[in-house]
Amino acid sequence: GLAAGPEMHFGFQTVTEEERREKIYQVFESVAKKYDVMNDSMTLGIHRVWKDILMHKMNPCPGTLLLDVAGGTGDIAFRFINYVNSVRQRQLQRKLKHHQNLSWQEIFESYQKDRLNSLGDSQVVVCDINREMLKVGKQKAQHLGYSEGLSWVLGNAEELPFDDDKFDVYTIAFGIRNVTRIDLALQEAYRVLKPGGRFLCLEFSHVSNPLLSRLYDLYSFQVIPVLGEVIAGDWKSYQYLVESIRQFPPQEELKAMIEDAGFFKVDYENLNFGIVAIHSGFKL
Amino acid sequence: RGGEEEEEEEEGWHQLYPGHIRTSPLQKTLLAAGSAVMALYDPYRHDMVAVLGETTGCLALPNLRDKMKNHPEGYRILRERPRIRLSTLDMARLQELPDGSLGREYVRFLELNKVSPDTRMPPKFVDDEELAYVIQRYREVHDLMHTLLGMPTNMLGEVVVKWFEAVQTGLPMCVLGAAFGPVRLSTRKLQVLATELVPWAVRSGLNASCVLNVYYEQRWEQPVESLREELGIFPPP
């Protein structure tokens, strides 16, 4: 759980707060280039479904301002853009349906105006503490053709470089586990959200079913580091990953921590029997 | 559950040597399979070839170590643990040795093929400190094998050296490399391989005494041909 004093967990090792931050930075620096490949291999592609579910839960409408923390390689950001884009398209289609008696000229002009605003003023800011992860994210964005409504900021979840009451939604997907002071990150999340804003956290959690838990452990400890070595040439980082999942607070404990930061209507949804959980809270 | 794992994993931190990662039998099996597939899929993943060697060498390595122990020069190597690295080699001195000497030809080989002895992977998955040294020695001596056999570092040359090493060491990784390496060669090269090079490499490997029992660092002045004769390696075709 949380570290009381200077001694903390790095996976199953005991380190100081500063050592932990440094080690985690190095882990992500090392895995950045193979991050996406590894995610697909370890979860057999299921992480994509988890992230899709997060987006559906968020159900953003055009005009939403999203802050995606620890957003590294951009998975959440790109999904957000796709989502608001398709919502926007449907909006535009409905608008056109209502204007059946317009001239061709007027319809054409309305297309022009709306095409320039395909995201409907929605914006996502991707914030990550790790330069390498951001670099990979930017390259991906360029490669996939994402540019509008997207910004990349180097920043620390424990001390965000943003003003108070700025964002409609705050997400942190598979990132909060790597934050050294989770309480500070939650406080910062509260600070930068607008009143009425939503906090969403997607993270590995605890499996209560005993049989499933044994299988999950077996897979995690026996297979994942091997995958790390074979695919990424990096055993140690993936050993850290599976250990850090075990050290992370279970669902109820995380819920309490989120409530402590001031959020209301805090709830969680287990995915795949608790292998992953989505926690949600509102700033009122 | 967390406590159990903690004990199990803390054991992993009792390293036998720097870089050592303790692995369960299941992990070693998965690693062996995974590294074999990856090495074939991406030949540039030299680390995978190394991992394959370590995870499959449980019979061959003790064998090699015993061969070394029972030979006076090999025994000295095991005791003194010499390392072949740019920092330990006196490149200037080696370059000034006469042509045809081991030292001069070794340096020539390194320059020509643009390789360095420092790129050899340190062992990670060998669960015995002495055996870890044996495999490390085998890796560091690999370039000298090229020199003794007169083979370049292209695909063809590497395969020939692998055949020689497979016969000499019995390491499954060498056997697999020797068997699957030729897959990526042209038919013309395969012909040369099959008719001339492999038979010669195999005969030499069988005839020669154990190449790990040679204290190369003390034989730089020795002419390559004389060393070949001493070991029992037949002249290259």
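Two strands pair if DSSP finds at least two bridges between them. The exercises below apply this criterion, among others, to a predicted model.

**Exercise 1. The hairpin of strands 8 and 9**

Determine how many bridges join strand 8 of chain A to strand 9 of chain A, and whether the two run parallel or antiparallel.

Solution.
- Strand 8 covers residues 264-271 and strand 9 covers residues 276-282 of chain A.
- Six bridges join them, and their sense is antiparallel.
- An individual bridge can be located at A:Asn270, whose partner in strand 9 of chain A is A:Ala277.
- Four residues lie between the strands of this hairpin, where A:Asn272 adopts a positive phi near 50 degrees.

**Exercise 2. The sheet of chain A**

Establish the strand order of the open sheet in chain A and explain why strand 5 and strand 8 each have one side without a neighbour in the sheet.

Solution.
- The sheet holds seven strands in the order 5-4-3-6-7-9-8, and its pairing is mixed.
- Strand 5 (150-154) and strand 8 of chain A are at the edges; each has a single partner strand, so one side of each lacks a neighbour in the sheet.
- On average, neighbouring strands of the sheet are turned by 15 degrees against each other, direction ignored.
- A parallel pair is provided by strand 3 (residues 65-69) and strand 6 (residues 167-173) of chain A, with four bridges.
- Within strand 6 of chain A, A:Val169 is the bridge partner of A:Leu66.
- Helix 6 (residues 131-144) of chain A lies across strand 4 (123-128) and strand 5 of chain A, and runs at about 165 degrees to strand 5 of chain A.

**Exercise 3. The interface of chains A and B**

Describe the contact between chain A and chain B by its residues, its buried area and its salt bridge.

Solution.
- Chain A contributes 23 residues to the contact and chain B contributes 23 residues.
- The two chains bury about 1900 Å² between them, with 58% of it on carbon and sulfur atoms.
- Of the area that chain A buries against chain B, 30% comes from A:Phe12, A:Val230 and A:Trp235, more than from any other three residues.
- The count of salt bridges between the chains is one. B:Lys124 forms a salt bridge with A:Glu229, and their closest N and O atoms are 2.9 Å apart, which means that the pair satisfies the 4 Å cut-off.
- Six residue pairs are in polar contact across the interface.
- Helix 8 (210-232) and helix 9 (235-247) of chain A each supply at least two residues to the side of chain A that touches chain B. Helix 8 of chain A gives the most, with 11 residues.
- By class, this side of chain A comprises 10 nonpolar, seven polar and six charged residues.

Terms used. Residues numbered from 1 in each chain as written. Chains lettered and ligands numbered in written order. Predicted model: local features only at pLDDT ≥ 70, side-chain atom pairs only at ≥ 80, totals over all residues. Heavy atoms only, no water. Contact = heavy atoms within 4.5 Å. Buried area = accessible area lost by both parts, 1.4 Å probe. Salt bridge = Lys/Arg side-chain N within 4 Å of Asp/Glu carboxyl O. Polar contact = N/O pair within 3.5 Å; in protein donor to acceptor, adjacent residues only side chain to side chain. Nonpolar A, V, L, I, M, F, W, Y, C, P; charged D, E, K, R; others polar. Axes fitted to C-alpha atoms, helices over the stretch in contact; angles between N-to-C directions.
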